Structures are given as C-alpha cells and as structure tokens.
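Visitor: Could you walk me through this model and explain the words you use for it?
Guide: Gladly; let us put it on the screen.

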Amino acid sequence: MKKITYLICFAGIVMQACNSEVKQDNPFLKDFDTPFGVPPFHLIQNKHYLPAFDEGMRQQNAEIEAILNNPEVPTFANTIEALEKSGQLLNKVSGVFINLQAANTSDSLQIVAETVTPLLTSHKDAINLNEKLFERVKAIYNNKENENLTTEQKQVLDKYYQGFIRGGANLSPEDKEKFKKINNELSVLTLKFGSNLLKETNNYHLLIENEKDLAGLPEGVIAAAAETAKANGQAGKWMFTLHNPSIMPFLQYADNRDLREQIYRAYTQRGNNDNEYDNKEIISKIVALRLQKANLLGFPDYASYVLDENMAKNPENVYKLCHQIWEAALPVAQKEAGELQKMITQTGGNFKLAPWDWRYYAEKVRQAQYGLDENELRQYFPLDKVREGAFYTANKLYGITFEQRNDLPLPHPEALAFEVKDADGSPIGIYYVDYFPRPGKSQGAWMEAFRPQSGLLNSTPVITNVCNFTKPTGETPALLTFDEVQTLFHEFGHALHGLLSQCTYPSVAGTNVYRDFVELPSQIMENWAADPEILKVYARHYKTGANIPQALIDKLQKSSHFNQGFATTEFMAAALLDMAYHTRKTTDPIDVEKFEKETLEKLGLLPSITVRYRSTYFAHIFEGTDSYASGYYAYTWAEVLDADAFAAFKETGDIFNPEKAKAFREYILSKGSSDDAMKLYLAFRGQEPSIEPLLERRFGS
C-alpha cells in the first residue's frame, strides 16, 4: 500500500496544519459553483477529504454547543430543527466520499477511509452520548402533546429520541465507554471486511490460452474476455474474473466442467483463503461486538435490537415469513435438481449435480422446456434502450422526464448525468448513472445520494445509481441479461424514491425509511420491467432496432417460474444465515465455516445449491456500519409488499392507472418516513398486504 504524505495529517495540530495548507483550494469549504450545485468532481482530490471532514466535525460541534447554550426552554424549533440543520458541511463531504469510496476506490482513498472512519464514529458517539443534549430532546419528547407538531415533526422527534436511546444515552458512564469502544472497533472491522473482499475479488483471474476451452460461450462473452486479457497485458488470450458479468456467463455456458469448478470455487472461497485478506476472524469479532452492543442496550441479541425499529419488529416475525417461503420453495428446488440431473444423464454426463453445474444445466433445461435462449434474449436489451424503458415507465406513471446533461461534472468518466423535471417542467433533481465494473468498484448495485432532498435545507436531490453490468465490446454495445434488466429497474426504483421525496426534514426524507420498507419502491419497478406492454416499448434488437418478437415475450412469460426454487432457496438460506449469526446469545468465538455449514444443513439446503452469499463475502451484513445485518430478509418482506402493491395496479386493468400511480407517489415515494410505514402503505392500498401475490408470482397458482 502506497504511503501518501498528506495522509499523515489526521489529528490534532498536524491536522490543523494540513487543514490550513489546503483550505484555500478545498472545494468542500466553498459553495459548489456548478450547475444545480452538484459536486465539482473534477476539482476534488484525495487531499481535500480529511481537512474537510475535520472542519465539518468542528462546525457541527460548534452548532451543538450553540444548541446546548440556548437559555430558552427546549422546543422542537430550537433543538430538533437546529439539530436537523447542523452538520451540513460534514454531510456534504460524506455524501461525496462514501459514494466515491464505494464506486471508485484506490489505495490512497482507502487510507483516508481507514483514518476518518473511527473519527466519524467517535464524533457521532459524542453527540449521541451528550447528556445535556439528550435532556433537551427528552424534555421536548415528554412535552410533545403541547408542541402542536405535524405528523412529520412527530416522526422526526421520535426518531431523535429513539436514536439517543439506541445510541446509548441512558447507559451508565462506565457502559458508555464500553459502548464507544464497541462502535469504534465495529467501524474499523466492517471497513476492513469490505477492503478484504474487494482485494480478493480483484486478485483472481482465470486465464485461458487454449481456444477449445471457450467451447459453449457466446461470442459476446468471448470478446469481453479477450478485451479484459488485453487490458491486463495478455493480448491473444482470454481472461475471466470474479465480477458477475464475467463469472456468471462462464458458469452458464462454458462446456469445460473443470474450469467451471475452478472459477466457482474461487468465487465461493473469497475471504476464506487463510491469507492476509481472510475474513473469518473479522466476522467472529463483528458478531460478538454486535451482541455486546445489543446487550448493553437491553436486547437479548443483535437481531432484536435491529428489528425493534423495522416493520418486522422482532426475530419471530422474520423467521415466520422466511420459513413460510422456505417450505414452499424447497420442494420446488428439489424438483428442479431432479430435472437437471436428468439433463446431465441425457447429455452423456456420468456425475452428480454440483453447484458449478447448476447454471449450466439450468440453461439447457430452459432451452429444452421453453425454447428460451438467454443469449438470444439479450440481443434485445442494449443498455441505452433499457434505461430509456425505465425513463418511459417513470414518465407514464408520474409524468417526470429525464434530460441528459453533458455540462455537469461526473463522478467517473463512464458516468452519465440527467436533469429530472416534473410534469409541469419544474426541476426535481439530478440523476447520475455509473453502470460498468472496474477494479476500484465494489460488487453489486446500489443507489445513494450525493445530496438528499430537504425542504428545511432547501436542497434538491442529487442521486446516483451504481451497477456492475456487462460492458460493451468493440462495436457491440452493452447487452444486458434479463437479470441485469431487472437490476437496472430495481435500482432506478430506489432512485425515484430519493428523487420524488417531498419531506421537510432530512432525517426522514427519501430512503431514510425502515430497512424492510426501503425495498418496496425498488422491487415494484421490476414488475414493469417484465411486463409485455413495456417490453414492446424498450426491448429492441441492438442491430436492427426491431421490437422484441411476441413469441420471445411469450417464452419469457412462460418461463417466469423457471428455476425459482433455486433462486428462492439460495436467497432465503442467506437471509436465515444472517439471522442465525445475529440471534446468537453468546460472544464465544465462532468457527465460521462450521457455523455456516451447520446452519445450512439444519435448513436442508440442497448440496447442489450454495447459499447466495457465503459468510466471508456476505457484504450486505458485514461490510459497513450501515449494513443489512439482521436485515437481509428485508428484500423478501418488501417483496410481499411490492407483489401486493403491483396487484393493486393490475386489479384496475391498467398497470399505469393514474389514480394508483398518483397514490403510490403521494403515499410511498414522496413521504419518506414522515409517517408510519404501514399507515402509508394502507393509505395507498386500502388494505393490509397479502403474501399470496408473492407466492403466485414465484411458484404459480
């Protein structure tokens, strides 16, 4: 790891000296002089972050002191609103840093993260554990009936009060010190987990020199592997990596079973190679520290602590939902495994179905049963057209438009920027997209805000979607798999949640909602992605521009339940593994491999199916302090909501029903957590959600 001299400027006098040296040219310490006030990415250098963080923390501390020294009786306005307005510089630099550190990190940026993360954790703890500040918040909370508060203000007040309680405000002085120490250790460990995973992912490649070993692979996949090899100094060869657009097509199409096994084992052993990037000990420490934190706050386990502020409320409700779906999915997966084993025999194989065989033989069964060739299908999904399809859907539903802007600074040269306007032409915000994998980008896909919406702060949203899609090769544009199509619509749904927010207070705006509610706006968009009416709009052949044939749409629709046993069990196994870690009642060290194996065997997960995320690369629950720990189930919880919500549209006979679209925007997309999540859902739907639409969508009637 390179040492950058300016990165030693991280504390005390040294930090102040470093700060003064760069203050004059630090973009964060000035108003962003750009169209729409977007970050001036072209001016921001790594040396600017630490001084900006330092100044941001200093300013917020001063703002907190001003609140504490206010001689007036504590009120919502002079305390809660003042807190909402505090830390604007800190949020400004954090919004940029967190996004770029995930989407385009480097050794030097990683050092900044390792330096500033514990400082930010300590800063947050100092606020949450400030007794004088908590007394003011508590006084307002106890007097809230006399404050004449709006529903949103009541939600904000409750969020602050509960935040202080969950942040350790009621702990004894001794326990507060323990609490701070735990939070500090967790911030470092979760950051290290992600760093290890990225390095493990980037360090492996499968280099193929014999063209015969490419048998079965589509031309586009071969071309992409050739370009990857050339970019890595191996011209004339083919290189496959552990990034999804590379490994997944290889597992789906490559005839060479030995090579499929090799790359699959590399993928599933990430963070579990007993080297400097091994994550097993880190996981054991994280799980123990989380339990200690929960116990300090009076909870029996970490899952109970997390779920107490989610829709699920407790582990029992999560287990009830997960097991209900697991019991429906497992027999389907067993049937699918039998069909794949039969295909192995029919095609001359003499071996038992293994995890590295599943995608390969599933593709053969799909073609045999439905005549659906994934490679043929993707010819109709050029990335630009799919994105236009998402924009078209949002326009039909909500009247909003997206106009590409070439005059805005970009977070990466491959990114694009769009101005978003409402039906009446009024500005809504800015939307960035960054679609392709690279060594400095974390895996997966996500939405984040460079700047969230807030009426109080008079700020319009600046939202980004970051993904890892199949890249263009030569003159061939990026052609997406249908899974990638659904991912684009999914993340776009999150973006709409951030863009269409109309809240006053930033702490409840946009996607600042329950973890098991936040996936509703994203997952419901996947329904439109797969609808025949929308497919006819955006699915166009990348060469001819011809609409997708009705026959191909029919095949896609008929195969919608195909392989759902596999998809559901691999996912639910991960959700239940997450719960198993976080319902532990002991801080004893964990043998991670043994714990994972025993948990999955107890569930009855088929040997031919690997849990979607093995522990050592389960970034959702172990990377970052704002993780999905005890919350991976949330995708399924929200899927119950989204299937039920889309049914509301279908019941009208119009998937673009104006009244339903208006209600969804008003009660779901614009409200954030300015009211109780179930109240908002009931206001939209008129009834509580049913699990039946989800089970029907997954497995048929």
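Visitor: Why does L289 count as buried or exposed here, whichever it is?
Guide: Buried means under 20% relative accessible area, exposed means over 50%, and partly exposed lies in between (1.4 Å probe, protein chains only). L289 has 8% relative accessibility, so L289 counts as buried.

Visitor: What sort of model is this, and how are its residues numbered?
Guide: It is a predicted model, where local features need pLDDT of at least 70, side-chain atom pairs count only at pLDDT 80 or more, and totals for chains, interfaces and linings use all residues. Residues are numbered from 1 along each chain as its sequence is written, and side-chain values use heavy atoms, with hydrogens and water left out.

Visitor: Where is L289, and what does L289 touch?
Guide: L289 sits in helix α12. Helices here are DSSP runs of H or I with at least four residues, strands are runs of E with at least two, and both are numbered from the N terminus. Contact means heavy atoms within 4.5 Å. Not counting residues up to four places away in sequence, L289 touches I182, E185, L186 and L189. L289 and F179 are 110 residues apart in sequence, and their C-alpha atoms are 9.7 Å apart in space.

Visitor: What makes the contact between T121 and S187 a polar one?
Guide: A polar contact is a pair of N or O atoms within 3.5 Å; within protein, one must be able to donate a hydrogen and the other to accept it, and residues adjacent in sequence count only if both atoms are side-chain atoms. The side chains of T121 and S187 make such a contact at 3.3 Å. Leaving aside neighbours within four places in sequence, T121 is in contact with N183, N184 and S187. T121 belongs to helix α5, and its 14% relative accessibility is why T121 counts as buried.

Visitor: Why is V116 called buried or exposed?
Guide: V116 has 1% relative accessibility, so V116 counts as buried. V116 is in helix α5, residues 107–128, and touches L50, F53 and F97, not counting residues up to four places away in sequence. From V116 to N203 there are 87 residues in sequence and 26 Å in space, C-alpha to C-alpha.

Visitor: Which polar contacts does the side chain of T583 make?
Guide: One joins the side chains of T583 and Y319 at 3.4 Å. The side chain of T583 also reaches the backbone oxygen of M579 at 2.7 Å. T583 lies in the loop between α22 (564–582) and α23 (592–603). With 18% relative accessibility, T583 counts as buried, because of the cut-off given above. Leaving out residues up to four places away in sequence, T583 touches D301, A303, P315 and Y319.

Visitor: What makes the backbone at D274 and S630 worth pointing out?
Guide: Most residues other than glycine have a negative phi. D274 is not a glycine, yet has a positive phi of about 55°; S630 is not a glycine either, and has a positive phi of about 60°. D274 is in the loop between α11 (257–268) and α12 (280–296), and at 65% relative accessibility D274 counts as exposed. S630 is in the loop between α24 (619–622) and α25 (634–650), and at 0% relative accessibility S630 counts as buried.

Visitor: Why is helix α19 called mostly covered?
Guide: Nine of the 10 residues in α19 (520–529) are buried. Among them are P521, I524 and W528.

Visitor: How do you know that the overall size agrees with a compact globule?
Guide: The radius of gyration is taken over C-alpha atoms, and the globule rule is 2.2 Å times the number of residues to the power 0.38. For 701 residues a compact globule would have a value near 27 Å, and the protein has 25 Å, which agrees. Along its principal axes, the C-alpha trace spans about 85 × 60 × 55 Å.

Visitor: How many helices and strands are there, and what share of residues is buried?
Guide: The protein has 28 helices and seven strands, and buried residues make up 57% of its 701 residues. Among contacts between residues at least 6 apart in sequence, 74% join residues at least 24 apart.
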